[in-house]
Amino acid sequence: MTPLPTIEVTSLRLATAGSVDDGKSTLIGRLLYDSKAVLVDQLEQVEEASRRRHGEGAVDLSLLTDGLRAEREQGITIDVAYRYFATPRRRFILADTPGHEQYTRNMVTGASTADLAIVLVDARKGVLEQTKRHAHLSSLLGIRHVVVAVNKMDLVGWDEDVFDGIVRDFHAFVDGLELDIVYIPLSAKEGDNVVTLSERMPWYAGPALLDHLETVDVASDRNLIDLRFPVQWVIRPGGDGPDHDYRGYAGQIAAGVVRPGDEVLVLPAGKRTTVSAIDSFDGPLDEAFAPMSVTLRLADEIDITRGDLICRPDDAPTLSREFEADLCWMTDAPAVAGGRYAIKHATHAARAVVDEIEWAIDVHTLERDETATQLGLNDIGRVHLRTSHPLAFDDYGRSRGTGAFILIDEATNDTVAAGMIRE
């Protein structure tokens, strides 16, 4: 396997999670406000909305992310609110996800592309069932970095013992999960330990939240496998022009690095060739890496179409019509053995049958129910799938781009499940 270079990551995708009223939206609002990422007109709108809700007083920073009217009326987050901000050290793409159990599917959507999850815990309530559920989902979704933000420390008198107890409880629950966890006590409302360290918790020796977000290393998470290039479009200009012989394969690199002269393997055909050139909107490239969108030209004419995958011969993915996967079910009609759906995997489309439901996660105990025969709305479970055509896939833990898929109801065209392949 060709050694993979270290690629500097200048952006971080993060998602919030936790139970209702733990203060997720307020924390995100505080991050945006204290990092000077709020426009003047946005702040004016939030100030006006705060006066309508609370009367004169402090600005309700949660309104910066609670964008839906229903959320503002109920005081909860029911959709995924995306925000973008930057500091001199890093750019951030942030998803504020719902805390209600009934919106678990929205949490999965928001966290599916995250590098890091911020799991909030109300210092007064401790680790709750929904807190555990979101931590478990973060692990299933391949998020390796977790910040446990123990919020509302101002309401427990900045008590170190309260913080230590929550750390013990959470650590006991996640023992055995492959997570890099940092615990930070803070007050989103007051701003303590969010952007700057608090003088009211001198016993805490770690970083402020923003400092950790700016420095956490996620580059190694994105270089676990070699080249994965799902073909999205075959470019053939045709005609009698100067480029009538041009044949290129366009797409977005899902993983790894590619250079002219590299030997590659095309799946499912199993043909080997070499990369003759890499084209981009700005011209030819000497190197391309994930997640760049480029066009590859190959030395040999091979029958390649949309949905095929270009990879390294010595680090090829699995090619099979059958695999196991974890599903998050997203519709009212349950998943049962024998259910038939369309499957969208990378750029490949096929049909799939649920051969077997192996187990489901009990929403209350978070333990496996080996007797489960179906998956209902917001349920998580392990299934065995069989597809109409072979798919070139990796374990989701190694590559999200080639380890994730969605199932679609062909009658309604609704997305019914998000899936993570487990080899």
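Which residue forms a salt bridge with Arg228, and how far apart are the closest N and O atoms? In this predicted model, the partner of Arg228 is Asp394, and the closest N and O atoms of the pair are 2.8 Å apart. Arg228 belongs to strand 7 (residues 228-230), whereas Asp394 sits in the loop between strand 23 (380-393) and helix 8 (400-403), so the salt bridge ties together parts that are 166 residues apart in sequence. Arg228 counts as buried, at 0% relative accessibility, and Asp394 is likewise buried, with a relative accessible area of 1%.

Side chains of opposite charge can pair when their charged atoms come close. The count for this model comes to 18 salt bridges, and three of them are set out below.

| Salt bridge | Closest N and O atoms |
|---|---|
| Arg228 with Asp394 | 2.8 Å |
| Arg312 with Asp262 | 2.9 Å |
| Glu214 with Arg89 | 3.0 Å |

In the pair of Glu214 and Arg89, Glu214 is part of helix 7 (residues 209-215) and Arg89 is part of the loop between strand 2 (81-86) and strand 3 (91-96), so parts that are 125 residues apart in sequence are tied together. Glu214 has 14% relative accessibility and counts as buried.

Arg312 and Asp262 form a salt bridge between two loops: Arg312 lies between strand 16 (309-311) and strand 17 (318-329), and Asp262 between strand 10 (257-258) and strand 11 (263-267), so this pair ties together parts that are 50 residues apart in sequence. Both Arg312 and Asp262 are buried. Elsewhere, Glu324, Asp326, Arg382 and Arg422 are joined into one network by salt bridges that share partners.

Terms used
Residues numbered from 1 in each chain as written. Predicted model: local features only at pLDDT ≥ 70, side-chain atom pairs only at ≥ 80, totals over all residues. Heavy atoms only, no water. Salt bridge = Lys/Arg side-chain N within 4 Å of Asp/Glu carboxyl O. Helix = DSSP H or I, 4+ residues; strand = E, 2+ residues; numbered from the N terminus. Buried < 20%, exposed > 50% of the residue type's maximum accessible area, 1.4 Å probe, protein only.
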